[in-house]
Each structure stands twice: as structure tokens, then as C-alpha cells.
Amino acid sequence: MRRVTLSQFLVARQRDKVINADLRLLIETIARACKAISTRVNKGALADGHGGLDTSNVHGEVQKKLDVLSNEILLEANEWGGNLAALVSEEMENPQPIPTHYPRGEYLLLFDPLDGSSNIDVNISVGTIFSVLRCPKNADGSYCDANEQAFLQPGRHQVAAGFAVYGPTTVFVLTVGDGVFGFTLDRETFTFVQTHPEIRIPADTQEFAINCSNARRWEAPVKRYIDECLQGKDGPRGKDFNMRWVASMVADVFRVLSRGGIFMYPRDAKNKDGRLRLMYEANPMAFIIEQAGGEATDGRTRILDLEPHGLHQRCAVILGSKNEVDRVTSYHQ
Ligand code: F6P
């Protein structure tokens, strides 16, 4: 079978007018930065200063050195390409406009540079998540200031989203709105090669992912759903369920894309708004999941329809196989 690299895939998409040259170059740049992060993650404890406690990020959470480094790799890779108006990440309180000595482009980039970072020291998969929006325009056709307000668009406006998983292999998953495609990093040629064309999530599943240590704090609909799964063949579902929880959203979502499943980080008595970030975790993952035939809600509303009010706002997330997400969502009504 002929190998299709990510670059070839993107050129074909540009020829078919699904994306323009700027978006192609932006995605290529992000993928290049992910390769650099992958190399660094793979060095593990052999790299200087690996894993040690460093500073706090804007949410007061402990940041590890690799989070900071991954953020810098993505910032440096993206600021000079001329495709972006501004960018923001989990590690930055405010958006960073593109420096004036570089050309300014039409896109806004949001990212979580190293998702699941509590797993770095224990050699479990981590990853990078990104979302691309268009910078809004003024009435006269000029671009708006690329400030926080420009970023506060519902997820359905995303023009591209993707994530990389740094696991036993490095995988790059992408949607530009016409399906979901996965690419594996070939370490000999250092190129991403398409290995997962047209990913589709089965509508039914017998596998759920949730952090059960929060069970006592869940709302009634989530309790009911998990209770029914746990009763297996003897309960109302009439079938046994399996459970997985990697505690890296990228790895859990990649599993859902690969063989179906439902992933949940619901709101609970402690995380009243949920735990995951809407703009650079839930929205890109929801776009990808829907493009693969799955669904993503916060229990009540489609994630892609949530109106954001802050760059770092949290939300509940229930995503994956359509029939299971429908069921949990219906329990909320
Ligand atoms: O972004 C946060 C994150 O690390 C996700 O990747 C993951 O799904 C979740 O948090 C893990 O949460 P917990 O520590 O509660 O298992």
C-alpha cells in the first residue's frame, strides 16, 4: 500500500479546497512541534531536569518542566509562520498576539501543550491537544483585535482540531471538518504517515472510562448510568461492561476512536463546572469525536454549542459512542 504522509494528505486537502494554504502550513507547523515534543518526552529521565517540580501555572497547579518546555516549543514554532493572529494555551493567562515584526494571519490557535502531565514521571502516555478558530472580522472587513474576546467562540466554529499522543508510538489525529484521520510517526524518516484513514466510532460499546474515585460526588444521572453498567448482565443493560481510565484524555480519547467507548469527566460536588477545559480540551475533542460519528455533550448541551465566557473555563464532558452518550444525556433530562 502506498504511504501517504501528513504533508501529502494536507496538500491533497488544499487541492480539494477543503483548507487553504495558510491552514495547511499552520497544521504542518503544529505537527512539527509535536515531533519535537515527542522526542523530548521520549528521553524521559535521561533528559536534564526531567520531571522536577518547577513553577505554578495560571490556575495555581504545579507545572512540570516538560509542560513549560512543550509550551515554548509550540509558541516558538508558531509565532513566525504568518498564519496566526494570536495564540493561547493552558499555560498562559492571556492570549499572545503575534509579534509585530512577523506577518499576521487569519487564524487563532489554542492548545494544551502537554495533556495528562501527571503521567510523565510514570511512563504513561501524554499528549498535545489543539484547536484552530478564525479571527473574527470587523464590519469593514479588517480583522478584530486578537484579544480574549476574539477567542470566545463556540466550538462549532473550529476550522481544525487535533491531538498527538506520545505513547508506545506517537500518533497525530486530525480533523479539518471532513472526517478524522490518524498518522503514526515513523521514527526512521521522522515523518507522520497515515495509518488510520476515516476513523469511525461504533455507535455501541461495552467499555466506559471515568475516574471512579469521584463516585460519591457524582450527580444522580451519572451514578445511575455507571451503576447500570456495573450490574452488567444481571442489570437493566443485560451485558457486561469493561472499564479503562488512563488519566490522560488524549490516550482515553484515542482508545475511544480506535474501538469505541464512552469517556466521562462529569461535573460533581467538588468540580461543580466539571474539570476539563472547554476551549483547548473539550471543544477540539468534541469536534474530532463528532467528525468520527460519535457524540459529545456536557450532559445537557452539545459541547460544540456551549457559549464560552472565559478562555480557561471548565466544563463537564461526556463523549464517545453515540448510543451511550445519548443514554447518559437522556438520564440528565
Ligand atoms: O487535563 C487534565 C487531565 O490530565 C486529563 O488529561 C485527564 O483525563 C484528567 O485530567 C485526569 O483526571 P484525574 O486526575 O481526576 O484522573
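A polar contact is taken here as a pair of N or O atoms within 3.5 Å, and with that cut-off the surroundings of the ligand in this predicted model can be described.

**The ligand and its shell**

In the side chain of Arg 275, an N or O atom is placed 3.3 Å from an oxygen atom of the ligand, so the pair falls inside the limit of 3.5 Å. The protein covers 84% of the 400 Å² of accessible area that the ligand has on its own. Asp 115 and Tyr 265 also bring polar side-chain atoms to ligand oxygen, and the distances are collected below.

| Side chain | Ligand atom | Distance |
|---|---|---|
| Asp 115 | oxygen | 2.9 Å |
| Tyr 265 | oxygen | 2.6 Å |
| Arg 275 | oxygen | 3.3 Å |

Besides these three, the residues around the ligand include Gly 116, Asn 211, Trp 245, Ala 247, Ser 248, Met 249, Phe 263, Leu 276 and Glu 281. Sorted by class, this shell consists of six nonpolar, three polar and three charged residues.

One member of the shell, Ala 247, has an unusual backbone angle to be considered. Most residues other than glycine have a negative phi. The phi of Ala 247, however, is positive, with a value near 70°, and the residue is located in the loop that runs between strand S12 (242-243) and helix H6 (249-259). Its relative accessible area, for which only the protein chains count as cover, is 36%, so Ala 247 is classed as partly exposed.

A positive phi is also found at Asn 123, where the angle is about 60° although the residue is not a glycine. Asn 123 belongs to the loop between strand S5 (107-115) and strand S6 (126-134), and with a relative accessible area of 75% the residue is exposed.

**The sheet and strand S8**

Eight strands make up an open sheet with mixed pairing, arranged in the order S4-S3-S5-S6-S7-S8-S9-S10. Strand S4 (96-97) and strand S10 (191-196) each have a single partner strand and stand at the edges, so one side of each is left without a neighbour in the sheet.

Strand S8, by contrast, is joined on one side to strand S7 (residues 160-166) by six bridges, with the two strands running antiparallel, and to strand S9 (residues 181-186) by four bridges, again in an antiparallel arrangement. In the pairing with S7, Gly 162 is set opposite Leu 174 and Phe 163 opposite Val 173, while in the pairing with S9, Leu 174 faces Phe 181. Three residues separate S7 from S8 in their hairpin, whereas the hairpin of S8 and S9 has five residues between the strands, with Gly 177 in the turn at a positive phi of about 95°.

Six of the six residues of S8 are buried, so the strand is largely enclosed by the rest of the structure. This holds for both faces, with Thr 170, Phe 172 and Leu 174 on one side and Val 171, Val 173 and Thr 175 on the other.

Thr 175, which is part of strand S8 (residues 170-175), has a relative accessible area of 0% and is therefore buried. The side chain of Thr 175 reaches the backbone nitrogen of Gly 177 at 3.0 Å, and Gly 177 is the turn residue with positive phi in the hairpin of S8 and S9. Apart from neighbours within four places in sequence, the contacts of Thr 175 are Val 159, Ala 160, Ala 161, Val 180, Phe 287, Ile 288 and Gln 291.

Conventions:
Residues are numbered from 1 along each chain as its sequence is written. This is a predicted model: local features need pLDDT of at least 70, side-chain atom pairs count only at pLDDT 80 or more; totals for chains, interfaces and linings use all residues. Side-chain values use heavy atoms; hydrogens and water are left out. A residue is near a molecule or strand if one of its heavy atoms lies within 4 Å of it. A polar contact is a pair of N or O atoms within 3.5 Å; within protein, one must be able to donate a hydrogen and the other to accept it, and residues adjacent in sequence count only if both atoms are side-chain atoms. Accessible areas come from the Shrake-Rupley method with a 1.4 Å probe; for residues, only the protein chains shown count as cover. Ala, Val, Leu, Ile, Met, Phe, Trp, Tyr, Cys and Pro count as nonpolar, Asp, Glu, Lys and Arg as charged, and the others, Gly among them, as polar. Buried means under 20% relative accessible area, exposed over 50%, partly exposed in between (1.4 Å probe, protein chains only). Contact means heavy atoms within 4.5 Å. Two strands pair if DSSP finds at least two bridges between them.
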